Amino acid sequence: MHKLEFCLLAIGNLVEDKDKKLSKQLIQLSDEAHYYYPEDEQEKLTK
């Protein structure tokens, strides 16, 4: 789990009581963020 994925998940959990819809969307986005690689890491993978 990288920083973006973790942060989205953590924020989703923090806002769960105040805004369930936003919480669900952030957690879903966290799942999608699992496949995100910053440009500098992509270069490392392709070399």
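I take contact to mean heavy atoms within 4.5 Å. The model I am looking at is predicted.

**Entry 1: the helix pair**

I looked up how helix H1 (residues 3–14) packs with helix H2 (residues 20–33). The angle is about 165°, and the axes lie 8 Å apart. Over 145 degrees counts as roughly antiparallel, so H1 is roughly antiparallel to H2. I also checked the hand of the crossing between H1 and H2: left-handed.

**Entry 2: the contact**

Which residues make the contact? From H1, I list Leu4, Glu5, Leu8, Leu9, Ile11, Gly12 and Asn13. From H2, I list Ser23, Leu26, Ile27, Leu29, Ser30 and Ala33. I sorted the residues of this contact by character: eight are nonpolar, four polar and one charged.

**Entry 3: Ser30**

I turned next to Ser30, in helix H2. Is Ser30 buried or exposed? Its relative accessible area is 2%. The cut-off for buried is under 20%, so Ser30 is buried. I set aside residues up to four places away in sequence and found that Ser30 touches Glu5, Leu8 and Leu9. Those three also appear on the H1 side of the helix contact.

**Entry 4: Asn13**

Asn13 sits in helix H1. I read a relative accessible area of 43% for Asn13, which makes this residue partly exposed. Neighbours within four places in sequence aside, Asn13 is in contact with Ser23 and Ile27. I then checked the spacing of Asn13 and Ile27: they are 14 residues apart along the chain, and their C-alpha atoms are separated by 7.7 Å.

Terms used:
Residues are numbered from 1 along each chain as its sequence is written. This is a predicted model: local features need pLDDT of at least 70, side-chain atom pairs count only at pLDDT 80 or more; totals for chains, interfaces and linings use all residues. Side-chain values use heavy atoms; hydrogens and water are left out. Axes are lines fitted to C-alpha atoms, for helices over the stretch in contact, and angles run from 0 to 180 degrees between N-to-C directions. Helices (H or I, at least four residues) and strands (E, at least two) are DSSP runs, numbered from the N terminus. Angles under 35 degrees count as roughly parallel, over 145 as roughly antiparallel, 65 to 115 as roughly perpendicular and the rest as oblique. A crossing is left-handed if the near helix is turned anticlockwise from the far one by less than a right angle, and right-handed if clockwise. Ala, Val, Leu, Ile, Met, Phe, Trp, Tyr, Cys and Pro count as nonpolar, Asp, Glu, Lys and Arg as charged, and the others, Gly among them, as polar. Buried means under 20% relative accessible area, exposed over 50%, partly exposed in between (1.4 Å probe, protein chains only).
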